[in-house]
Amino acid sequence: MQTAALPETEVLAQRARTALERCGLARLPEPVGAAGTARTPITGQNLFPLEHDTPESVGRVVGTAQDTFASTWRDTPAPERGQLVRRFGELLREHKADLAELVTIEVGKIRSEALGEVQEMIDICEFALGLSRQLYGRTMPSERPGHRLMETWHPLGVVGVISAFNFPVAVWSWNTCVALVCGNTVVWKPSELTPLTALGCHALLQRAAEDVGAPADVHRLVLGDAQVGQALVEDERVELLSATGSTAMGRTVAPKVAARMGRCLLELGGNNAAVVTPSADLDLAARGSVFAAAGTAGQRCTTLRRLIVHEDVVDQLVERVVDAYGQLRERIGDPYQEETLVGPLVAERAHSAMRSALEQAEAEGGRILVGGARCLEKEAADAYYVEPAVVRMPEQTDVVRQETFAPILYVLTYRTFDEAVRLHNDVPQGLSSAVFTQDQAEAERFLAASGSDCGIVNVNIGTSGAEIGGAFGGEKDTGGGRESGSDAWRSYMRRATNTVNYGGELPLAQGVRFL
Ligand code: NAD
């Protein structure tokens with residue numbers, strides 16, 4: 001644990017104001033109606049009050065976004081739409097440090113991770129710009145002479161984006177940059193824990209729109225809690241709802257969108273595991289595991305939560321991991337300090353979830369090998385800093401099968417590779433997975449259809465830290481959605497199949513004769 005004093009809340013509030021001003025937000029939306037607050041987990045205190053939206057104001061915002069879609073944006077050529085994300089990417093480069101500042105203040109991410117998150121936004125802007133000239137449809141041979149058969153992709157309309165606190169800018173940008181290039185307009189409801197970061201992003205995107213002559217209402221921001229999100233969920237004009245957050249949130253949201261025949265893209269909780277086999281490079285496995293498990297204070301959807309280790313190497317691996325965790329203990333604290341590796345948990349609820357998971361793990365036969373204690377309580381009574389924990393479990397019990405959004409790494413052992421894969425897949429979630437092995441056959445078995453059942457399957461690299469080039473998302477309780485790179489753009493468009501008769505005759509398909 002670090003002894004350096006934590007920054008004062010007032011200082012953080014001033015830093016946040018400065019960053020927002022630099023992004024182009026002259027004035028914060030001060031509360032006149034529904035009141036919310038901006039807060040920092042670094043001290044656990046409120047920064048300043050903010051105006052929140054209401055279901056009525058959300059309705060008005062969706063109306064404006066829909067008008068803009070219908071009147072201009074859907075018919076703007078895609079490469080021209082690409083110019084908006086090109087300019088946005090330029091502004092992000094210019095204001096990378098400002099947005100990273102807001103991410104650190106609101107989420108408590110250490111500087112390099114906050115900067116890394118903004119870098120992901122820059123990367124997706126580049127990807128989306130290229131995509132604006134590649135929204136390919138296929139042409140296939142028609143069975144009828146003098147006919148052409150092809151597919152065209154069209155935008156959907158208003159895309160609602162509901163985002164989680166832990167990736168307050170990257171996940172929104174994956175959705176928004178791709179959705180905009182595809183010709184949709186976007187209404188964003190960020191986490192109630194990260195309104196400032198959202199205001200900074202929105203201000204930059206508004207500037208980009210102005211600079212390239214795009215309508216300001218291609219993107220609208222609504223602030224508030226689940227109730228405000230609910231208004232987006234229930235609005236029939238929101239053609240696609242992309243929701244990132246807990247599985248519990250997805251379970252509430254998905255049936256409501258389905259009931260109105262809307263589309264849903266769900267990015268929900270994970271319970272990610274790495275299998276470590278006897279042939280693995282144990283130094284590599286230990287390093288990969290420690291970053292994946294303790295980075296971002298265990299608050300990534302792809303955080304490593306289960307280590308499934310062959311019984312012949314478990315003691316050697318655990319020794320390395322516990323040793324690294326011992327070093328981490330000295331590097332918990334103020335995320336602004338260069339040497340800090342573990343910042344705060346986002347809020348009290350995360351700490352109480354961690355406490356009760358550790359108690360349950362012990363009751364289920366687990367042994368805490370390192371960590372778990374709260375730190376810096378005297379320096380900041382309202383903030384929640386914790387030592388990342390490693391817990392050896394006798395088997396995959398109930399607590400191991402659930403996602404606790406905090407830095408707890410459960411260690412399990414196996415004898416046969418089949419058993420490892422069975423254990424790996426025997427959880428409700430299916431986001432990210434890894435195998436550490438030097439045995440090619442084992443690596444291939446993990447990647448095969450009967451191997452890992454996750455959306456992300458890695459070899460000799462941890463579960464976290466995806467790149468934007470691939471499609472991101474997971475199976476089972478993780479919700480099945482895919483975002484970001486590859487062909488994830490298709491979720492933001494509708495497909496039209498076109499048959500064109502240029503032959504002058506009217507042959508019917510399948511040889512049918514009529515008149
Ligand atoms: P959360 O579910 O508490 O909230 C997420 C968002 O949903 C917030 O904006 C919240 O206001 C909104 N919301 C909650 N209930 C709602 C409802 N009934 N209707 C409409 N909106 C509602 O999640 P969190 O604590 O912010 O984030 C952590 C969770 O998100 C973890 O489970 C993590 O694994 C998951 N996550 C998943 C991914 C992914 O890509 N799979 C990425 C980041 C986070």
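A polar contact is a pair of N or O atoms within 3.5 Å; within protein, one atom must be able to donate a hydrogen and the other to accept it, and residues adjacent in sequence count only if both atoms are side-chain atoms. The model is predicted, with local features requiring pLDDT of at least 70 and side-chain atom pairs pLDDT 80 or more, whereas totals for chains, interfaces and linings use all residues. Residues are numbered from 1 along each chain as its sequence is written, and side-chain values use heavy atoms, without hydrogens and water.

Oxygen atoms of the ligand pair with the protein backbone at 2.8 Å for a polar atom of S163, at 3.1 Å for an N or O atom of F165 and at 3.3 Å for an N or O atom of G245. The protein buries 91% of the 850 Å² that the ligand exposes when taken alone (accessible areas by the Shrake-Rupley method with a 1.4 Å probe).

The ligand is surrounded by 30 residues (a heavy atom within 4 Å), of which S163, K189, E192, S246 and E403 are the closest. By class, the shell comprises 13 nonpolar, 11 polar and six charged residues; Ala, Val, Leu, Ile, Met, Phe, Trp, Tyr, Cys and Pro count as nonpolar, Asp, Glu, Lys and Arg as charged, and the others, Gly among them, as polar.

Helices are DSSP runs (H or I) of at least four residues, numbered from the N terminus. The elements giving two or more residues to the shell are α8 (226-234) and α9 (247-259), and α8 gives the most, with four. Because domain 1 (9-268 + 480-495) and domain 2 (272-472) both give residues to the shell, the ligand lies between them; the domain bounds come from an automatic or database assignment.
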